[in-house]
Structures are given as structure tokens and as C-alpha cells.
Amino acid sequence: MSLEKYLVEHCSPTLASLKTANMFSCRFESEKSLITAIDTWNELFRDKGVELIILKKENGLALIYVCRRNMLTADLNKDGVKEFLTVYGYRSTDTDYAIRMLKRRLKTQKDFPHEIGIFLSYPLEDVKGFIEQGGANCLCTGCWKVYCNECEAQKTFSKFKKCREVYSRLYANGSRDILQLTVKA
């Protein structure tokens with residue numbers, strides 16, 4: 001199983017250390033091959049500060065979370081996040097606990113747990129706005145739906161888009177491999 005294409009296409013901002021995390025879904029033929037691929041990438045990324053985590057597996061499809069744990073810890077400790085996550089049953093913002101709780105909610109909730117935006121470094125006010133508005137009435141849409149600070153979000157979206165374009169080009173023309181494209185923590 002080759003995850004490289006997914007990493008470049010969906011996770012460039014995280015590899016570049018511009019963003020806490022990204023996620024993507026991918027098909028897998030066997031659970032063993034999926035776990036082997038994740039373990040291999042985690043070993044390769046160990047010194048870079050990037051980690052791949054399987055959030056959910058179902059019907060041959062895996063939801064993969066690619067994060068920089070140190071940045072996630074900082075995001076989980078931002079003002080208002082603990083109180084916000086408490087509403088969804090999180091008893092702590094400890095990083096390992098929060099990831100386990102997110103996995104549990106993905107597995108047991110009928111609806112998608114939209115607090116996942118916090119884990120993807122979306123601004124708290126935008127995550128709250130999305131939940132409160134049911135995804136409607138946003139100011140703009142990019143990597144996420146924006147409910148506050150549209151100008152700053154647009155700048156961020158442009159930065160992420162440029163990063164993906166550069167990473168995709170460098171990877172496609174063979175001048176850089178994934179590890180060379182990944183910024184060290």
C-alpha cells in the first residue's frame with residue numbers, strides 16, 4: 001500500500017509544518033497491509049515530528065489522521081478548547097486521551113463528530129459556527145467553512161494551496177521525496 005500520493009495531495013501543509021494536521025480516506029486491501037504501511041511511515045517520520053494514526057476502519061476504507069503531536073497539544077490547550085470539548089464528552093485535553101476519544105466518537109456516533117475541526121487546527125470560532133449553523137451561513141469556504149475572521153482564513157487557504165502546489169510539483173518531477181519535503185519538528 002502506497003500512501004505517498006495521499007500524503008502529498010492531502011497533507012502537504014502538515015508536512016511543511018504550516019498546519020497541525022490533515023486527514024484523508026483511503027482504500028486498503030488488508031488490515032495487515034494497512035497497519036504495516038502506517039507503521040513504516042511512522043518509523044520514517046519519527047525524527048520529523050509527524051505521525052499517522054488510523055482514526056477509523058470500515059468496509060475496506062480507512063480514515064487516516066496525519067498530525068504533528070506537539071502542535072496538536074498546543075491547539076488542545078488554546079483558550080476555550082477544553083470547555084468546548086467538554087460539551088462533547090471529553091474529560092481532558094491530554095493529547096493521547098483526546099485522540100482516543102475522537103476515535104471512539106467516530107466509531108460510535110451516528111453523525112460525524114464535527115469537533116474534529118479542533119484536531120485539524122481550524123479556529124475554534126469556526127468550528128463552533130459550523131456546528132451552530134449546521135454548515136450553513138458561512139462567510140466563505142476553503143479548507144473549512146469560515147464563520148469568523150474571513151480575511152485571515154483566506155490568507156491561510158492561499159498559503160495551504162501554494163504549499164500543496166509546490167509539494168505536488170516537487171514530488172511529481174522527482175526532485176524531492178516525501179522525507180525531503182517534510183520539515184523537521
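Okay, let's start with the inside: the largest nonpolar core has 25 residues, and Leu-3, Leu-7, Phe-24, Phe-45, Leu-52, Ile-64 and Val-66 have the most contacts inside it. By core I mean buried Ala, Val, Leu, Ile, Met, Phe, Trp, Tyr and Cys joined through side-chain atoms within 4.5 Å, with buried being under 20% relative accessible area for a 1.4 Å probe, protein chains only. Among the elements giving two or more residues are helix 1 (4-15), helix 2 (31-45) and strand 3 (61-67); helices (H or I, at least four residues) and strands (E, at least two) are DSSP runs, numbered from the N terminus. Helix 2 gives the largest share, five residues. Apart from this core lies another, of 24 residues, including Phe-84 and Phe-119.

Quick caveats. This is a predicted model, with local features needing pLDDT of at least 70 and side-chain atom pairs 80 or more, while totals for chains, interfaces and linings use all residues. Residues are numbered from 1 along each chain as its sequence is written, and side-chain values use heavy atoms, leaving out hydrogens and water.

Now the sheet. It's open, three strands, order 1-3-2, antiparallel; pairing takes at least two DSSP bridges. Strand 1 and strand 2 are the edges, and the twist averages 20° from one strand to the next. Strands 1 and 3 share seven bridges, and Cys-26 has Ala-62 in strand 3 as its bridge partner.

What lies across strand 2 and strand 3? That's helix 2, at about 165° to strand 2; angles run from 0 to 180 degrees between N-to-C directions, with axes fitted to C-alpha atoms, for helices over the stretch in contact. Helix 5 (residues 95-108) also touches strand 2 and strand 3, contact being heavy atoms within 4.5 Å.

Methods
Buried < 20%, exposed > 50% of the residue type's maximum accessible area, 1.4 Å probe, protein only.
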